[in-house]
Structures are given as structure tokens and as C-alpha cells.
Amino acid sequence: MAYADGSNPSARKGVGVRLPFPAPDIGLRRHVRLTDQRFVDMTRRRFPDSVYGRGTEPDARFSLANERTFLAWVSVGLALVSVGVGLQAFAVNVQPALRLAASVLLVIAGTASPVQAWFGWARVETAMREQRPLPSVGMAPLLVILLGVVGVLIVLGLLIP
Amino acid sequence: MTGGDEPVWTGLQLERTSLAWRRLALALLALSLAVLRLGWPVIGGWTLVPAGVVAAGATTLLVVSHRRYLSSHHLLTSGTGLPLPDGRLIALTVLSAMTLAVVAVVVVAAQFT
């Protein structure tokens, strides 16, 4: 589908513009400002619909910042999982039962992080689209408490022979 | 290239986001090497399977995120007013990270037995 200004976004992979119905050319097109945001939102299906189906497009800078926050949560998850597995795999010199407990907690936190990453991203993106204040930090306080507990477990594990 | 003075170029938002994706892909590549190193004494040559899957995923992420960067750049500079790419890559990343984490849970849980 070519736009009024001659550009054809659907010719590019990954930038698909799909109409939910075959669009007959009945001369309507010249009456519609095809670069109009509302028309774009109407014709372009974006996943997930629960996010993109609402509100209007926010400033691209803010969406990109939200994406980086998402990636930070995923990276944190990977780091937690790596440390959790590493504690056991390298048999660090910590009392075994406490080490295992710390390891389990880290891996569980590492599993929860991508979940937080996804829901956090979706909630922030939706809030920005609907021009609402940003939501709270989600699972961040839980993660802080959990890391504190892991720290205590490891310190105890180092002290107990 | 047009758009040198458009708001999105303040702070190199797109470049920083692209670098964040690249960092994640490189972390995954490092992880695949760690899997190889740790798994080899336990299951031998079979370690190549999980390490290969993670490495292939990381390489795919590098390629796909670069394409995402290029298409975002095109969208932001072409003046069509089209929005940025959607959340498919984001969802896929979450699923991959979850899968990795669940495998890690199984590996750690195996220590109980």
C-alpha cells in the first residue's frame, strides 16, 4: 500500500501495514490524510494489542527508554540466574545448605525478572500511550529484599564452618 | 540522512537502545561459552546442544535487533509519521529468558537429589 507522499512502508520487511479488509480504490484515498497518526493506528496491527490498541503514539524517545528499561530487567534476570547456577557449579567455599538456599533464591529471582520485564514494559508503554502517570516500580522492592536475604545467607555460610 | 535535528537524535536514543540489545546478545554468547565450560565435565559432547542453542539464539538476536535498529531509523527519518516497531521481539526475548531461567531452576533443583 503506497502512502499519499509516495512512500510504501509495506515494501519494507518488518514495517508491515495490514488492512483488516481488502481495500478497494474508490477514490477515498485522496480525501484521507494518509500520514495522519489516527489512520496509521487504524491500519497497522501491532503486537500486543493490549498495549498498542489504546491511546496515541508517545514520543519515540520515551518508548525507546522504556525498551532499555525492559532490557535492563532481562539482563538482571540473566545475571541472577548465572550467579545462582555459578554458586553451585563452582562449589564456592560456603556452608553447603546455605549456599544451596542462596542459589535457589537467586534462580527464582532470575525467573521472576523477565516476567517483571514484560509486565513493566507493557504497563509503562500503555500509561505513556494514555498520557497517564507512570506506574510504580513493580517487583523492584521484592528483588532488593531478596538480594539482601541472599547476602545474609552467604555471609552466614562463610562464617559457619 | 535527514532528521539530524529531530528530537529523537537528542541523546542518541536509538543508538543507545540498539547497543542495549547488542549487549544482551553478547551476554548470551558469553553464557553459551559458560554452559560449554560447565556442562562438558558432566554430560560431555551433549553440552554442544544447549550451548549451540544459546549461541544460535544470541546470533539471531544480534541480526534481528540490528534489523530493528535499521527499520526504526528509517521510520524516524523518512517523515512518514509511522510508529516504531512493536513488541514481538520483546515478547520473544522474555520467552527465551524465561526458558533459560527454568532450565537453570531444573539444574539447581537437581542438586537436591
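Which side chains meet in a salt bridge with 3.7 Å from N to O? Select Arg54(A) and Glu130(A) and you have the pair. A salt bridge here is a side-chain nitrogen of Lys or Arg within 4 Å of a carboxyl oxygen of Asp or Glu.

Before going on, some ground rules. This is a predicted model, where local features need pLDDT of at least 70 and side-chain atom pairs count only at pLDDT 80 or more, while totals for chains, interfaces and linings use all residues. Residues are numbered from 1 along each chain as its sequence is written, chains are lettered from A and ligands numbered from 1 in the order in which they are written, and side-chain values use heavy atoms, with hydrogens and water left out.

**Stop 1: the loops of chain A**

Stay with that first pair. Arg54(A) sits in the loop between helix H2 (49-52) and H3, and Glu130(A) in the loop between H4 and H5, so the bridge links distant parts of the chain, 76 residues apart. Helices, by the way, are DSSP runs of H or I with at least four residues, numbered from the N terminus.

Next, select Phe47(A) and Pro48(A): a cis peptide bond joins them, with omega at about -10°. Pro48(A) lies in the loop between helix H1 (37-43) and H2 of chain A. Then hop to Ala91(A), in the loop between H3 and H4. Ala91(A) is not a glycine, yet its phi is positive, about 45°.

**Stop 2: H5 and its neighbours in chain A**

Show helix H4 (residues 96-129) with H5(A): their axes are 9 Å apart and the packing angle is about 160°. Axes are lines fitted to C-alpha atoms, for helices over the stretch in contact, and angles run from 0 to 180 degrees between N-to-C directions. That angle makes H4(A) roughly antiparallel to H5(A) (angles over 145 degrees count as roughly antiparallel, under 35 as roughly parallel).

For contacts (heavy atoms within 4.5 Å), light up the H4(A) side, including Leu98(A), Ala101(A) and Leu105(A), against H5(A) residues, among them Leu146(A), Val150(A) and Gly157(A). By class, this contact has 14 nonpolar, 1 polar and no charged residues. Ala, Val, Leu, Ile, Met, Phe, Trp, Tyr, Cys and Pro count as nonpolar, Asp, Glu, Lys and Arg as charged, and the others, Gly among them, as polar.

Now swap H4(A) for H3(A). The axes of H3(A) and helix H5 (residues 140-159) come within 14 Å and cross at roughly 20°, which makes H3(A) roughly parallel to H5(A). Select Trp73(A), Val76(A), Leu80(A) and Leu87(A) on H3(A), and you'll find them meeting Ala140(A), Leu143(A), Leu147(A) and Ile154(A) on H5(A). The residues divide into 8 nonpolar, no polar and no charged.

**Stop 3: across to chain B**

Bring in chain B: 46 residues of chain A are in contact with 44 residues of chain B. The two chains bury about 3,900 Å² between them, 74% of it on carbon and sulfur atoms. Buried area is the accessible area (1.4 Å probe) that two parts lose on being put together, summed over both. Highlight Arg61(A), Arg68(A) and Leu78(A), which supply 16% of the area that chain A buries against chain B, more than any other three residues.

Zoom in on helix H3 (residues 60-89) of chain A beside helix H1 (residues 13-43) of chain B, where the axes are 9 Å apart and the angle is about 15°. H3(A) and H1(B) are therefore roughly parallel. Contact residues include Leu64(A), Phe70(A) and Leu71(A) from H3(A), with Trp21(B), Leu24(B) and Leu28(B) among those from H1(B). The class split is 13 nonpolar, 4 polar and 4 charged residues.

Which residue of chain A forms a salt bridge with Arg68(B)? Pick Glu67(A): the closest N and O atoms are 3.0 Å apart. Between chain A and chain B the count is 1 salt bridge, while a search of the whole structure finds 7 over all chains.

Terms used
Helix = DSSP H or I, 4+ residues; strand = E, 2+ residues; numbered from the N terminus. Parallel < 35°, antiparallel > 145°, perpendicular 65-115°, else oblique.
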